[in-house]
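Subject: Structure handover

Hello,

Here is the structure we discussed passing on. Please look it over before reading the notes underneath.

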Amino acid sequence: MDAPMPPSASRISLNKHLFERAPDRLRHLILDIARAAKYIHYAIRTTEAGLAGSRNQFGEEQVKLDVLSNAIIEQHLRESRLVARYISEEQKDVVELSPEAPYSVVFDPLDGSSLVDVNFAIGSIFGVYEGEVIGKKPREQVAALYVIYGPRTVLVCSSGHGTHEFILNDVGEFILLREHLGIGDAAKVFAPGNLHAMVEDAPYRSLLEAWLQDNMSLRYSGCMVADVHHILSKGQGVFLYPGGPTYPEGKLRHVFECGPFAYLVDQAGGSSSDGAQSILEKEITAIDQRTPFIIGSKKEVERVCSFLGRV
Ligand code: AHM
Ligand code: MG
């Protein structure tokens with residue numbers, strides 16, 4: 001049998017890549033978050049896919065993996081000693097960790113967790129701020145990243161120098177896959193969340209008709225991490241989750257879900273909006289704040305906003 005090949009000299013680890021793109025403390029924090037994601041990657045493969053018997057701050061039923069992923073991330077953030085506080089989709093209050101530490105981390109530990117049992121791709125979303133979070137805007141994040149656990153586990157991150165993609169290799173290291181992910185202005189695919197809103201919203205119905213007339217293709221999985229990753233990976237597309245009868249402000253949460261994606265997509269040349277203003281400029285007023293969300297190719301985001309008549 002041939003001896004295993006040593007790692008290629010040309011392979012670039014997440015650590016090496018961050019050396020030139022993040023100050024040391026931020027680099028260490030991103031590496032700690034990436035390490036937590038490796039444990040979640042393992043937990044998804046080995047944990048029973050049942051309900052945990054508890055509900056989160058939004059009254060949603062938690063699956064065991066939501067609870068476990070939250071605990072894994074908490075432990076890594078605590079041990080990093082770089083995090084003053086964190087805000088999680090799965091916990092009601094801000095959790096204080098190391099008061100003198102420079103960063104706050106916001107996260108959704110397992111987005112799309114209702115898809116665990118059907119074995120669809122799911123993900124973790126993170127945003128990093130210096131100091132407090134409430135009163136800030138997503139543009140003020142110093143880094144954002146997500147990890148998608150699909151057939152492959154991929155991490156996409158930005159610390160303000162573009163949006164970069166890494167793949168988890170067999171020895172547990174994130175290796176650079178694509179240096180820059182870029183999003184073109186025009187979209188060929190659409191991901192329409194909250195179709196129930198169509199019943200009340202004629203403009204939304206006209207938008208869907210326009211997409212079909214333009215021969216655009218539907219790509220909607222029910223996990224925003226996967227659906228927005230599709231846009232970043234293919235370099236075009238639009239995702240939206242507008243308000244509707246059940247959720248007038250939409251279902252998605254500004255601080256943990258929309259803010260980090262707004263930052264990553266902006267760094268890749270795309271844009272995002274709540275229909276009236278950029279998500280990057282929308283102030284965070286509460287940890288449970290929801291927002292309508294439109295994200296992806298710039299021209300298509302503009303077209304959606306004009307159809308929905310909110311610009
Ligand atoms: P979750 O954080 O509880 O998993 O909910 C967020 C998810 C998003 O990933 C996805 O875009 C949306 O909920 C799907 O909602 P719907 O079931 O209405 O299509
Ligand atoms: Mg979520």
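The notes below go through the domains, the interface between them, the ligand surroundings and the salt bridges.

Please keep in mind that this is a predicted model.

Domains

The domain assignment splits the protein into domain 1, covering 14–178, and domain 2, covering 189–307. Their C-alpha centres are 21 Å apart.

Interface

On the domain 1 side, 49 residues make contact with 34 residues of domain 2. The area buried between domain 1 and domain 2 comes to about 3,100 Å², and carbon and sulfur atoms account for 64% of it.

The rule gives 2 salt bridges across the interface of domain 1 and domain 2. For polar contacts across the interface of domain 1 and domain 2, the rule returns 13 residue pairs, with both residues at pLDDT 80 or more. Several strands supply at least two residues each to the side of domain 1 that touches domain 2: β3 (83–88), β5 (103–111), β6 (122–130), β7 (143–149) and β8 (153–158). Sorted by class, that side of domain 1 consists of 25 nonpolar, 13 polar and 11 charged residues.

Ligand 1

Which residues are closest to ligand 1? Of the 16 residues that surround ligand 1, the closest are Asp-111, Gly-112, Tyr-220, Met-224 and Tyr-241.

Three polar distances to oxygen atoms of the ligand may be useful if you set up further calculations:

- Tyr-241: an N or O atom of the side chain is 2.6 Å from an oxygen atom of ligand 1.
- Met-224: a backbone N or O atom lies 2.7 Å from an oxygen atom of ligand 1.
- Glu-89: a polar side-chain atom lies 3.0 Å from an oxygen atom of ligand 1.

Glu-89 also appears in a salt bridge: its side chain meets that of Arg-253, with an N to O distance of 3.6 Å.

Salt bridges in the whole structure

How many salt bridges does a search of the whole structure find? The search finds 15. One of the pairs is Glu-179 with Arg-21, where the closest N and O atoms are 3.0 Å apart. This pair links distant parts of the chain, with the two positions 158 residues apart in numbering. Glu-179 sits in the loop between β10 (174–178) and β11 (189–192), while Arg-21 sits in the loop between α1 (14–19) and α2 (24–46).

Regards

How values were computed
Residues are numbered from 1 along each chain as its sequence is written. Chains are lettered from A and ligands numbered from 1 in the order in which they are written. This is a predicted model: local features need pLDDT of at least 70, side-chain atom pairs count only at pLDDT 80 or more; totals for chains, interfaces and linings use all residues. Side-chain values use heavy atoms; hydrogens and water are left out. Domain bounds come from an automatic or database domain assignment. Contact means heavy atoms within 4.5 Å. Buried area is the accessible area (1.4 Å probe) that two parts lose on being put together, summed over both. A salt bridge is a side-chain nitrogen of Lys or Arg within 4 Å of a carboxyl oxygen of Asp or Glu. A polar contact is a pair of N or O atoms within 3.5 Å; within protein, one must be able to donate a hydrogen and the other to accept it, and residues adjacent in sequence count only if both atoms are side-chain atoms. Helices (H or I, at least four residues) and strands (E, at least two) are DSSP runs, numbered from the N terminus. Ala, Val, Leu, Ile, Met, Phe, Trp, Tyr, Cys and Pro count as nonpolar, Asp, Glu, Lys and Arg as charged, and the others, Gly among them, as polar. A residue is near a molecule or strand if one of its heavy atoms lies within 4 Å of it.
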